[in-house]
Amino acid sequence: MTNPLKICDLMLRDGHQSLLATRMRTDDMLPIAEKTDQVGYWAVEMWGGATFDSCMRFLDENPWERIRRLKALMPNTPFMMLLRGQNIVGYKHYPDDVLERFVVHAHANGIDIFRIFDALNDVRNMRKAMEVAKREGAHVQAAISYTIGPPYSIGYFVDLARQLADMGADSICIKDMAGLISPYAAYELVGRLKAELALPIHLHSHSTSGMATAAHLKAIEAGVDIVDTAISSLSLTTSHPPTESVVAMLQGTERDTGLDLNLLAEITAYFTRVRRKYARFESGMFGVDVQVLQYQIPGGMLSNLVSQLRGQGAEGKYDAVLAEVPRVRAELGYPPLVTPSSQIVGTQATLNVVLGERYKVIPEEVRQYVRGYYGRPPAPIDPEVKRLVIGDEEPIDCRPADLLPPGMEKARAEIGDLARDEENVISYALFPQVARPFLERRARGGDGKEPVVAAITGLLLKRLEKQAMAAAVPAGPAISPWKVAWRPGGGHWSGLIDGAGGMR
């Protein structure tokens, strides 16, 4: 080995976010953590993106505790998180003081590498996050959101990477969130970046289009330093190239990773079993989706469109919506389709088709986008669409966060005694409608185990009742089912214990 390729595994974040709707619980990560720590990964991405709000919204977990619990079992492996620039881990811009406290606490808890990107590639929206992470002593990985269209070229991305290098990036990531990068584009882009920047280059690509593994191989030939993979049982389709395949391809070459395939096989066997527990959250996609190349729609956005149309009884308009997405994207200045711009474009396209009239209804997020409150679009917005959306109003031309008042003290006052510490305040500042009921449950003594406790209690009570009845009455009708329900914050789980003491 003269130049071993470094591997960053996404099994604990983007792997299950892409395949299982971000529903994997921390308790299902912990049993394999020590084994994962032995692999020798460059890093494991295990936080950020949609995991933060999903922990509180769906799993009744404190997202901050996930870092601490995993770090206790994985002290030797650097942890990476995905940070959406000024959007942090949310879907809008947040004040600088909220961003700063978030980064400080994330690093203190164990996040070593911050992968920072902006949905519009507007570097103004990345600057503050990069400055704070750098100040705290973390590795700052600045990401360029890769996409294709008239404004984009190899030169565009190289120029963007130069700006990020000048802003203090420690490494540059090519973030291909939709699987659009072709093998030869990857080869050319990585080659240019390696020639012009004295920084490590990292490639991230999804397997949606079927090109990602080949793109990885060509990028490796061009000298890429690090690639993202996912352990094979959480790989492919809308996820990423399999870790074991990349490791095996390079064995015996100068880029040999040195990772142990037998150890990786143990990890993939574990996640094969775990994945079955989350089968109901599977996307339903089982192969390559070439529509991502035609319409440039990420896999997660495709499933979102299906859900939206189904909810409106308009599944028959799916193909029309697919065709409308690139048209809206062009009119809105060709934003990369990544959170939150993908939701903005996709929702407007859906409304245009379902209502039978383009821009008849315009969501507030689209108006704010056109006003410039998400940043500067990569290309000019269509003048007629701009007039339809905001009339004669002129968009702002400053960094959007410059217009936001501080948010921490306001959040602290609003959440009051429900916040046990500043991490709770940050959670509330980011997602008030999700964090408040979560913190209320905790204040009542909940610890995220309520559904399990309810089920066990019901089973024990049922068995006691059956034993008492059997002692008092030699024979009789079956015992009526007992209902065991847990409904904090509007209802998360309910179940019935049947006469035999079984869950249904």
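## Buried or not

Here, a residue counts as buried when its relative accessible area is under 20%, exposed when over 50%, and partly exposed in between. Asp-225 has a relative accessible area of 17%, so this residue is buried. Keep in mind that this is a predicted model.

## Lys-194 and its partner

Asp-225 has a salt-bridge partner: its side chain meets that of Lys-194, at 2.9 Å from N to O. Lys-194 sits in helix α8 (residues 183–196), while Asp-225 is in the loop between α9 (212–221) and β8, so the pair ties together parts that are 31 residues apart in sequence. Unlike the buried Asp-225, Lys-194 is partly exposed, with 30% relative accessibility.

## More salt bridges

In general, side chains of opposite charge can pair when their charged atoms come close. The count for this model comes to 37 salt bridges.

Glu-45 and Arg-13 make one of them, with 2.9 Å between N and O. Glu-45 belongs to strand β2 (residues 43–48) and Arg-13 to the loop between β1 (6–9) and α1 (14–20), so this pair ties together parts that are 32 residues apart in sequence. Glu-45 is buried at 0% relative accessible area, and Arg-13 is buried too, at 2%.

Then there's Asp-228 with Arg-115, whose closest N and O atoms are 2.8 Å apart. This one goes from strand to strand: Asp-228 is in β8 (residues 226–229) and Arg-115 in β4 (residues 113–116), so the bridge ties together parts that are 113 residues apart in sequence. Both residues, Asp-228 and Arg-115, are buried. Some salt bridges also share partners, and in that way Arg-101, Glu-409, Arg-412 and Glu-422 are joined into one network.

## A cavity inside

What about empty space? There's one cavity of 30 Å³ or more, and about 50 Å³ of space lies in the largest cavity.

Its lining includes Asn-87 and His-93, the run Asp-118, Ala-119 and Leu-120, and also Pro-340, Ser-341, Ile-344, Tyr-369 and Tyr-374. Sorted by type, these lining residues come out as six nonpolar, three polar and one charged.

## A nonpolar patch outside

Over on the surface, Val-288, Val-290 and Leu-293 form a nonpolar patch, and together they have about 260 Å² of accessible area. One of the three, Leu-293, is placed in helix α12 (residues 291–295). With 35% relative accessibility, Leu-293 counts as partly exposed.

Terms used:
Residues are numbered from 1 along each chain as its sequence is written. This is a predicted model: local features need pLDDT of at least 70, side-chain atom pairs count only at pLDDT 80 or more; totals for chains, interfaces and linings use all residues. Side-chain values use heavy atoms; hydrogens and water are left out. Patches are made of residues with over 30% relative accessible area and no salt bridge: like charges are joined within 9 Å, nonpolar side chains (Val, Leu, Ile, Met, Phe, Trp, Tyr) within 5 Å. Accessible areas come from the Shrake-Rupley method with a 1.4 Å probe; for residues, only the protein chains shown count as cover. A salt bridge is a side-chain nitrogen of Lys or Arg within 4 Å of a carboxyl oxygen of Asp or Glu. Helices (H or I, at least four residues) and strands (E, at least two) are DSSP runs, numbered from the N terminus. Buried means under 20% relative accessible area, exposed over 50%, partly exposed in between (1.4 Å probe, protein chains only). On a 1 Å grid over the protein atoms alone, a cavity is a set of points where a 1.4 Å probe fits but cannot get out, and a pocket is an open set with protein on both sides within 12 Å along at least five of seven lines; lining residues have an atom within 4 Å of a point. Grid points are joined across faces, edges and corners, and a volume is the space filled by probe spheres set on the points. Ala, Val, Leu, Ile, Met, Phe, Trp, Tyr, Cys and Pro count as nonpolar, Asp, Glu, Lys and Arg as charged, and the others, Gly among them, as polar.
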